[in-house]
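Reader: Please take a close look at one helix and its surroundings. I would like the local packing first, then the sheet behind the contacts.

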Amino acid sequence: MGVMAVLMLPLLLLGVSGLLFIYQEVSRLWSKSAVQNKVVVITDAISGLGKECARLFHAGGARLVLCAKNWERLENLYDTLVNVADPSKTFTPKLILLDLSDISCVQDVAKDVLDCYGCVDILINNASVKLKAPAHKISLELDTKIMDANYFGPITLTKEAHRSVFPALLPNMISRRTGQIVLVNNIQGKFGIPFRTAYAASKHAALGFFDCLRAEVEEYDVVVSTVSPTFIRSYPGQGNWEPSIWKYFFRKLTYGVHPVEVAEEVMRTVRRKKQEVFMANPIPKAALYIRTFLPEFFFAVVACGVKEQLHVPEES
């Protein structure tokens, strides 16, 4: 009996490992089939998350349209994708210059995007501009720039028609009765923390718009998804904090998640057509529920953090 028990443990572990491997392979193939031959537009494709999304969707056989405001870095991403891919199983990515903070050019870019393939199956709104500073030290011009990049830019690219009769991306999806729009948002679309007033406001606005849009386009079989992680880590070891109650409470929020994790979640969201995903560790999730059900306690913790002067840059 003792020998059988000893033998059963490694067999059980081997069986579980085999099942996990099979699940991962089936999931990978399922993801690939979900995006194969689909026209996928990724904004800010040169960011950490944009690159990882481009890599996953390109490997899955999607017809990529990569948008960013730096042509040289777009070309570097193009070379990286083309050099590691099998040309018989992938499509050559299309590159388009796009600065979402320049609203005047976004409508023309929508036409350029549709010119590539004539339609868009999946739009990944990934572009974002971040800012950390006390509210009274942020100029209205900078507030406007943040709102343009994080709110007006994405919704203009999504819904506004070109000056001619050429349709925009959302009307194109509605007329074809198919498509998916993915907004990569942030936990601060759910609640704000100090010194992120302009950024949190833009994320709240974007989340509100796409939540409303989801209900409006459901009858046309257009899916609207939001993926809200904590901060996306831009480089290893980001966030060396000194000990304090406030910093411990939000350390997971500040450290964020790796771009690879978010890109894989975006792929799963597209595959399963999920409507909302909230990517966070237990502490930020707890903060969200505390903000909802115990607001006075939440505000007290936030105020405590402000009093500790949480790494606030001072004007010279």
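Author: Here is helix α6 and then the sheet.

This is a predicted model: local features need pLDDT of at least 70, side-chain atom pairs count only at pLDDT 80 or more, and totals for chains, interfaces and linings use all residues. Residues are numbered from 1 along each chain as its sequence is written, and side-chain values use heavy atoms, without hydrogens or water.

Helix α6 spans residues 169-176. Helices (H or I, at least four residues) and strands (E, at least two) are DSSP runs, numbered from the N terminus. Leu169, Leu170, Asn172 and Met173 of α6 are buried, meaning under 20% relative accessible area with a 1.4 Å probe, protein chains only. They cover an arc of only 160° around the axis, which puts them on the same side of α6. The arc is that of the directions from the helix axis to the C-beta atoms.

The buried residues of α6 pack against α4, β4, α5, β5, α7 and β6. Contact means heavy atoms within 4.5 Å. Arg177 follows α6, with a positive phi near 55°.

Now the sheet. It is open, has seven strands and runs β3-β2-β1-β4-β5-β6-β7, with parallel pairing. Two strands pair if DSSP finds at least two bridges between them. β3 (94-97) and β7 (276-279) are the edge strands, each pairing on one side only.

β4 and β5 run parallel and are joined by four bridges. Asn125 has Leu183 in β5 as its bridge partner. Helix α5 packs on the sheet, touching β4 and β5.

Conventions. Buried < 20%, exposed > 50% of the residue type's maximum accessible area, 1.4 Å probe, protein only. Axes fitted to C-alpha atoms, helices over the stretch in contact; angles between N-to-C directions.
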